[in-house]
Number of protein chains: 2
Amino acid sequence: MTLLAVGSVALDSVETPQDSRNDVLGGSAVFFSYAASYFTPVNLVGVVGEDWPEAHTELLRSRKVDTAGLKIEAGKETFRWRGRYLPNMNDRETLELHLNVFGEFNPIVPEQFRNSDYLFLANGVPQVQLEVLSQVANPKLVVADTMDIWITEHTDDLKLLLGKIDGLVLNDAEAKLLTGEQNIIAAGKKILELGPRFAVVKKGEHGAMYFGNDATYVLPAYPTDQVVDPTGAGDSFAGGMMGYITEQDCFDAATMKKALAYGVLVASFNVEDFSLDQMRRIERSHIDERMREFETMLSF
Amino acid sequence: MTLLAVGSVALDSVETPQDSRNDVLGGSAVFFSYAASYFTPVNLVGVVGEDWPEAHTELLRSRKVDTAGLKIEAGKETFRWRGRYLPNMNDRETLELHLNVFGEFNPIVPEQFRNSDYLFLANGVPQVQLEVLSQVANPKLVVADTMDIWITEHTDDLKLLLGKIDGLVLNDAEAKLLTGEQNIIAAGKKILELGPRFAVVKKGEHGAMYFGNDATYVLPAYPTDQVVDPTGAGDSFAGGMMGYITEQDCFDAATMKKALAYGVLVASFNVEDFSLDQMRRIERSHIDERMREFETMLSF
């Protein structure tokens, strides 16, 4: 089975109360792809500038990520984000945002990716997400991420998209914004009225919730006290989830729950260091070990 | 086995965005006792004024709560709290607070309660909690609750108390305040350095965490979208937890985890209506039914 991911590829600069990093590998499609690569090969579509270090492409390729869809635009610069985390390590402020080449991202899905079975539309302009969707032949499952600016500024396009996808992944504040509901559970259920068959609400350090027509459930986050850099947590969560679904080639209720748990666990590794540094140190066996611990923790 | 609860007994006035109630039954020791009564008889120690409706005492007695320690002070008024919940139903503002008779609460534990096996010191002045503790002969397990004002204003007394109790129950913001740690998990672990063998951190709609020398774990809240009034959620959580521990007469690791789960579930009923209204409608069987659902939800 093949998984296609389309979204941002970036160079992040991150400041935390303890430490900082400049121009490190980031972007929603990168965190997603790397996280998913523990479970399945990934086809990546994105765009970077000529400042893009070739070593980053090599790293992705070494992880079964097919970068044939990663376009390098001559004379342009890669998307850059600079942010600072507040001492609680949950809230952050954006210090600089340079869309650069990502601002004109007009993704062309390579011919050989157009029959991908599973599709993840990482956070981006809904119109672009729609265009990507139109280029993929007949995917078994399409899941999209979104964020506040698209909810408030591109409402019509987003609603159109919601009518065409199977699942929506977003955080709790975004779910409330999208539905006007203040209670997360009411918000999650209301998303189903907008089109998707299921919604996954990410709650950061508090885990994630699933809302489907047949089930509502919540999983806590894996309790790690080594929170070094939360950047990419939501995308690595989605990567773990979609990677497992693709590996299993199944998205029935039981598989979805396990997929959510894998998402939570991959994200727990991701936040333990800057960029992809902790994820680069681990293998699937580390995730499965944490899975056994997680299952034990939740049995009583 | 016997469980002794000492703390506030109050008349609450609650405003939510949808509805309101005036002078309804409340107070930390009341929510705690009622919640614990599904599992075990409870000995209650508290104080009220002559405005206290006898019907409230009758209700507690009907639930195996021994009210011999509920003192009625002539010529005084019962503790009253008036609060308003913000639309998110998590944050609230206190509109009025009249300690009244609770301001001079000097609890005398009745002779027949002094051999109680399990003791819960509900949220209150640490010095008063210490005095109660000195009156109980040889409890198997002592658990206390506390809050921000005691952490910042009565630090020395609280630290003295922490050296004498087995477990501390408090919410996430309080755990951070007490330890100076911003990460909940780091905060929970640090509490153990202050004396208690275990700490339970309540996270409201996000569930609860347990920190012991041998284990750290987290349970999500039961996902209910019927959040009518969160008042007493933390106390009913503690009541469910301590009630189950007392019923089992055991507090090993496995029992503690199940106790936490019962706490989460009793609290989930409590928030589904004002005051004790929803808890009055249910029996132990309803809690056990939700427990089976909760166990299934957390299996994958």
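**Entry 1: ground rules**

I start with a word I'll need all day: contact means heavy atoms within 4.5 Å. This is a predicted model, so I note that local features need pLDDT of at least 70, side-chain atom pairs count only at pLDDT 80 or more, and totals for chains, interfaces and linings use all residues. Residues are numbered from 1 along each chain as its sequence is written, chains are lettered from A and ligands numbered from 1 in the order in which they are written, and side-chain values use heavy atoms, with hydrogens and water left out.

**Entry 2: B:Lys258**

I picked a lysine to follow. B:Lys258 sits in helix α9 of chain B (helices are DSSP runs of H or I with at least four residues, strands are runs of E with at least two, both numbered from the N terminus). What does B:Lys258 touch, leaving aside its neighbours within four places in sequence? I found A:Phe300, B:Tyr244, B:Met291 and B:Glu295. With B:Glu295, the side chains share a polar contact of 3.1 Å. For that term I wrote down: a pair of N or O atoms within 3.5 Å; within protein, one must be able to donate a hydrogen and the other to accept it, and residues adjacent in sequence count only if both atoms are side-chain atoms. I also checked B:Met241, which is 17 residues from B:Lys258 in sequence and 8.1 Å away in space, C-alpha to C-alpha.

**Entry 3: salt bridges**

Side chains of opposite charge can pair when their charged atoms come close. The rule I used wants a side-chain nitrogen of Lys or Arg within 4 Å of a carboxyl oxygen of Asp or Glu. Over all chains I get 44 salt bridges. In chain A, A:Lys258 bridges to A:Glu295, with the closest N and O atoms 3.1 Å apart. A:Lys258 is in helix α9 (residues 253-270) and A:Glu295 in helix α11 (residues 284-297) of chain A, so this pair ties together parts 37 residues apart in sequence.

**Entry 4: where the chains meet**

How many residues of chain B are in contact with chain A? I count 33, against 33 residues of chain A. Together the chains bury about 2,700 Å², 64% of it on carbon and sulfur atoms (buried area is the accessible area, 1.4 Å probe, that two parts lose on being put together, summed over both). B:His206, B:Asp225 and B:Phe300 lose the most area in chain B, together 26% of what that side buries. The rule finds two salt bridges across this interface. A:Lys189 forms one with B:Asp225, the closest N and O atoms being 3.3 Å apart. I also list ten residue pairs in polar contact between the chains, both residues at pLDDT 80 or more. On the chain B side, α11(B) gives the largest share, five residues.

**Entry 5: how the copies relate**

I laid chain B on chain A: RMSD 0.0 Å, by a turn of 180° and a shift of 0.0 Å along the axis. The two copies are thus related as by a two-fold rotation axis. The superposition is by least squares on the C-alpha atoms of residues with pLDDT of at least 70 in both. I also see that 100% of chain B's interface residues are interface residues in chain A too, so the copies meet through the same surface.
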